[in-house]
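Keep the sequence and the model open side by side while reading. The tour moves from the interior to the loops, and then to the open spaces.

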Amino acid sequence: MTAKPKHRPTLNDVAKKVGVTKMTVSRYLRDPNSVAEATREKIAVVVDELGYVASRAPDILSNRNSKAIGILLPSLSNQVFASLLQGIESVTKAEGYQTLITHYGYSAEEEEEKIASLLSYHVDGLILTESIHSERSHKMINAAAIPVVETIDLPENPIDMAVGLDHKQAAFDLVSKMIEYGRRHIVYFAARLDRRTQLRSEGYLQAMEANGLTPQIVSTQEHSSFTQGRELMRQALEQFPELDGVFCTNDDLAIGAMMHCQEHHIDIPNRVAIAGYNALDIGKAISPTLASVNTPREEIGAAAATLLLKKLSGKKVTKPIQDIGYSLYLGESLGKPV
């Protein structure tokens with residue numbers, strides 16, 4: 001068993017063991033190429049041997065860059081945000097930035113507290129996944145005077161920069177496609193009722209009303225899940241027995257709805273067409289495949305990080321609001337055109 005060190009290794013410990021000054025080690029840590037190759041190799045060996053981790057405190061206290069980006073996610077279990085994070089880190093890692101990730105559970109109050117926490121660590125910038133924030137959040141962000149990118153949505157008045165897609169139009173397009181395929185009694189399944197769910201609801205309502213059809217919504221305040229999708233499908237069939245289509249605010253609900261139908265021998269898509277949102281991999285692996293909106297989460301994350309780092313480098317950002325777009329995945333659950 002390795003003996004536990006008496007204290008956390010310091011810069012001085014590294015310098016003594018290598019036989020150089022603390023200044024030399026400090027230069028190496030900022031830029032390894034700034035010291036001679038032989039010295040560089042010795043320092044690297046000792047740093048590894050001692051398990052030394054350089055402190056960012058001096059840089060932070062002297063108002064230099066922390067080389068850290070704060071990222072706020074509403075959910076840690078949702079694949080949508082995992083993909084977004086992958087896109088962000090594909091850019092930040094290559095540029096030597098660390099990501100500080102925090103979770104706020106779709107709560108504006110919790111987001112406010114997490115923003116305060118991240119700002120206390122002097123992060124160089126923030127990437128947000130919500131477009132509606134508390135007044136205090138706005139005040140703290142404005143006072144911090146750091147670059148901010150809001151993602152997933154396209155707010156009308158972003159704090160600073162924004163990268164996302166038009167959820168209302170995407171929902172309108174998919175519901176219109178369902179109507180084109182002969183569906184007349186389409187029910188919308190909503191969960192949690194956050195901003196994105198509201199935008200998709202608006203797109204659904206617009207498509208139904210544009211075609212002279214009666215909109216019907218079944219909703220829950222619970223987290224989206226397969227279980228909730230099954231329950232919403234049960235409720236919808238009970239309340240609206242004539243339904244012939246279901247548009248879900250996300251794929252989790254849609255998969256759950258499909259499970260309920262298959263368990264009760266309700267034919268998809270002949271009896272009921274089902275569509276989701278986000279085009280997760282599971283929807284393409286099941287049978288019938290799930291119709292959905294393909295949202296480019298990794299591209300959004302990469303574009304957001306690129307914008308943020310561009311602004312941090314002092315370069316001019318000519319396009320602070322970027323619509324990444326979307327596409328429709330016309331899975332088998334949609335049926336065929338009539």
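What follows covers the nonpolar cores, some buried loop residues, backbone details, and then a cavity and a pocket. The model is predicted.

Start inside. In soluble globular proteins, nonpolar side chains tend to be buried together. The largest nonpolar core here has 46 residues. Within this core, V175, I186 and F247 touch the most other members. The element that gives the most to this core is α13, with seven residues. A second core lies apart from it and has 23 residues. Among its members are F189, L237, V246 and A257.

Look at V175 more closely. Setting aside neighbours within four places in sequence, V175 is in contact with I186, Y204, A207, M208 and F247. Two of the partners in that list, I186 and F247, are named with V175 among the residues that touch the most other core members.

Now turn to the loops. D124 sits between α6 (108-120) and β3 (125-128). Is D124 buried or exposed? Its relative accessible area is 8%. Buried means under 20%, so D124 counts as buried. The side chain of D124 reaches two backbone nitrogens. One belongs to S66, at 3.0 Å. The other belongs to K67, at 2.8 Å. Beyond four places in sequence, D124 touches N65, S66, K67, A68 and I69, and also Y97, I146, P147 and L312.

H122 shares that loop between α6 and β3. Its phi is near 60 degrees, a positive value in a residue other than glycine. H122 has 44% relative accessibility and counts as partly exposed. D124, in contrast, is buried.

D153 is another aspartate in a loop, this time between β4 (148-152) and β5 (161-164). D153 has a relative accessible area of 1%, and therefore it counts as buried. Which side chains does the side chain of D153 meet in polar contacts? One is that of S131, at 3.1 Å. Another is that of R196, at 3.2 Å. With neighbours within four places left aside, the contacts of D153 are E130, S131, V163, G164, L165, H167, R195 and R196.

Next comes an arginine. R183 lies in the loop between α8 (167-180) and β6 (186-191). At 10% relative accessibility, R183 is buried. A polar atom of the R183 side chain lies 2.7 Å from the backbone oxygen of P269. P269 also appears among the residues that R183 touches, together with M178, L213, D244, N270, R271, V272, A273 and L334; residues up to four places away are not counted. For a sense of distance, take A82, 101 residues from R183 along the chain. The C-alpha atoms of R183 and A82 are separated by 34 Å.

P269 leads on to the backbone. This proline lies in the loop between α11 (251-263) and β9 (273-275). The peptide bond joining I268 and P269 is cis, with omega about 10 degrees. Another cis bond runs from S287 to P288, where omega is near 0 degrees. P288 is in the loop between α12 (281-285) and β10 (292-294). Y106 has a positive phi of about 65 degrees, although it is not a glycine. Its place is in the loop between β2 (98-103) and α6.

Finish with the spaces. How many cavities of 30 Å³ or more does the structure hold? It holds one. The largest cavity has a volume of about 40 Å³. Its lining consists of N78, V80, N250, D251, D252, Y277, N278 and L280. By class, these divide into three nonpolar, three polar and two charged residues.

The second largest pocket has a volume of about 340 Å³. Its lining has 24 residues, and N78, F81, Y106, S224 and N250 lie nearest its centre. Y106 is the residue with the positive phi described above. N78 and N250 also line the largest cavity. The pocket lining has seven nonpolar, 11 polar and six charged residues. Helices α5 (79-92), α9 (195-210) and α13 (297-312) each supply at least two residues of the lining. Of the elements, α9 gives the most, with three residues. As for α13, this helix also gives the most to the largest nonpolar core.

Key:
Residues are numbered from 1 along each chain as its sequence is written. This is a predicted model: local features need pLDDT of at least 70, side-chain atom pairs count only at pLDDT 80 or more; totals for chains, interfaces and linings use all residues. Side-chain values use heavy atoms; hydrogens and water are left out. On a 1 Å grid over the protein atoms alone, a cavity is a set of points where a 1.4 Å probe fits but cannot get out, and a pocket is an open set with protein on both sides within 12 Å along at least five of seven lines; lining residues have an atom within 4 Å of a point. Grid points are joined across faces, edges and corners, and a volume is the space filled by probe spheres set on the points. Helices (H or I, at least four residues) and strands (E, at least two) are DSSP runs, numbered from the N terminus. Ala, Val, Leu, Ile, Met, Phe, Trp, Tyr, Cys and Pro count as nonpolar, Asp, Glu, Lys and Arg as charged, and the others, Gly among them, as polar. A nonpolar core is a set of buried Ala, Val, Leu, Ile, Met, Phe, Trp, Tyr and Cys residues joined through side-chain atoms within 4.5 Å. Buried means under 20% relative accessible area, exposed over 50%, partly exposed in between (1.4 Å probe, protein chains only). Contact means heavy atoms within 4.5 Å. A polar contact is a pair of N or O atoms within 3.5 Å; within protein, one must be able to donate a hydrogen and the other to accept it, and residues adjacent in sequence count only if both atoms are side-chain atoms.
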